[in-house]
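Reader: I should like a close look at one part of this model, namely a helix, the elements that surround it and the loops on either side. Please give a connected account.

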Amino acid sequence: MSVTTHPADEAPLRVAVVVGSVRQGRQGRAVADWFLGTAAGDTGLDLDVIDLTEVDLPLVLPDWGGAPSPDAAAALRDVSPRLAAADAFVVVTPEYNHSFPASLKNFIDWHHVQWRAKPVGFVSYGGLGGGLRAVEQLRLVFAELHATTVRDSVSLHGPWSGLDEDGTPRDAAVCAGAAKGMLGQLAWWGRALRDARAERPYAG
């Protein structure tokens with residue numbers, strides 16, 4: 001799924017939106033769809049949705065320097081170029097057991113250079129904490145991968161009571177304001193780092 005909104009006189013900022021939960025009965029796709037609807041009004045963004053229910057990556061990673069299995073290679077052929085082409089990322093994550101889903105960590109670990117010198121924003125959901133503990137742990141993971149996480153995030157508290165049946169937050173104005181704030185920071189960092197990578201490739 002791709003949604004493109006950008007002015008004609010500027011290259012769009014390519015943002016990969018990663019839906020991290022694969023759990024049955026998940027709220028993740030509804031939350032992601034709400035976010036996409038909010039972000040669609042922000043010109044200058046080219047949004048590419050990567051839903052991990054559609055990415056079949058094994059838990060077993062190859063040894064350093066080794067080749068992935070044929071099944072893993074087939075899954076990577078679709079998603080790895082999309083991550084590499086992205087200028088920025090938005091991760092949609094629940095909070096499971098004080099952290100983020102194993103499916104999301106596995107997907108992150110299958111990639112490395114694709115995250116480098118790029119910004120990451122978060123849309124989280126879950127219970128009273130709104131997924132914030134998952135986001136704080138993800139910040140540590142992405143720092144290790146040389147990615148920059150933006151300060152502000154979107155946090156949906158208690159999605160089972162805080163979302164309408166169509167996935168729209170009941171406190172729509174507050175949530176939309178948070179999304180626009182996060183996207184503003186993501187866009188600034190995305191364009192600044194895109195220019196920096198073009199002028200001087202990141203060596204790590």
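Author: The account below begins with helix α3 and then turns to its loops, to a partner helix and to a second helix pair.

The model is predicted, and the values that follow are computed from it. Helix α3 comprises residues 102-109. Four of its residues, Leu104, Asn106, Phe107 and Ile108, are buried. These buried residues pack against two helices, α2 (70-85) and α4 (132-144), and against the strands β2 (13-19), β3 (45-51) and β4 (88-94).

The loop between β4 and α3 contains Asn97 and also His98. Most residues other than glycine have a negative phi. Asn97, although not a glycine, has a positive phi of about 50 degrees, and His98, likewise not a glycine, has a positive phi of about 70 degrees. Asn97 counts as exposed, at 80% relative accessibility. His98 is partly exposed, because its relative accessible area is 44%, a value in between the 20% and 50% limits.

On the other side of the helix, the loop between α3 and β5 holds His111. His111 has a relative accessible area of 4% and is therefore buried, the limit for that class being under 20%. When neighbours within four places in sequence are left aside, His111 is in contact with Leu76, Val79, Ser80, Leu83 and Leu145.

Among the partners of α3 is α4, which can be described in the same manner. Helix α4 has 13 residues and reaches 19 Å from its first C-alpha to its last, close to the 18 Å expected at 1.5 Å a residue. Its buried residues are Ala134, Val135, Leu138, Arg139, Val141 and Phe142. An α-helix has 3.6 residues a turn, so residues three or four places apart point the same way. The buried residues of α4 pack against β4 and α3, and also against β5 (119-125) and β6 (148-149). After α4 comes His146, which has a positive phi, near 65 degrees.

The packing of the two helices may now be stated in geometric terms. Two packed helices are described by the angle between their axes and the distance between the axes. For α3 and α4, the angle is about 10 degrees and the axes are 12 Å apart. The two helices are therefore roughly parallel to each other, since angles under 35 degrees fall in that class. From α3, Leu104, Lys105 and Ile108 make the contact, and from α4, Leu138, Val141 and Phe142. By class, the residues of this contact are 5 nonpolar and 1 charged, with no polar residue. Leu104 and Ile108 are also buried residues of α3, and Leu138, Val141 and Phe142 are buried residues of α4.

A second helix pair may be set beside this one. The axes of α1 (residues 28-39) and α6 (residues 172-199) come within 10 Å and cross at roughly 70 degrees. These helices are therefore roughly perpendicular to each other, as the class runs from 65 to 115 degrees. The crossing of α1 past α6 is right-handed. Helix α1 contributes Trp34, Phe35, Thr38 and Ala39 to the contact, while α6 contributes Cys175, Ala176, Ala179, Lys180, Met182 and Leu183. The contact of α1 with α6 has 8 nonpolar, 1 polar and 1 charged residues.

Key
Residues numbered from 1 in each chain as written. Predicted model: local features only at pLDDT ≥ 70, side-chain atom pairs only at ≥ 80, totals over all residues. Heavy atoms only, no water. Buried < 20%, exposed > 50% of the residue type's maximum accessible area, 1.4 Å probe, protein only. Contact = heavy atoms within 4.5 Å. Expected span 1.5 Å × (residues − 1). Axes fitted to C-alpha atoms, helices over the stretch in contact; angles between N-to-C directions. Parallel < 35°, antiparallel > 145°, perpendicular 65-115°, else oblique. Left-handed = near helix turned anticlockwise from the far one by under 90°. Nonpolar A, V, L, I, M, F, W, Y, C, P; charged D, E, K, R; others polar.
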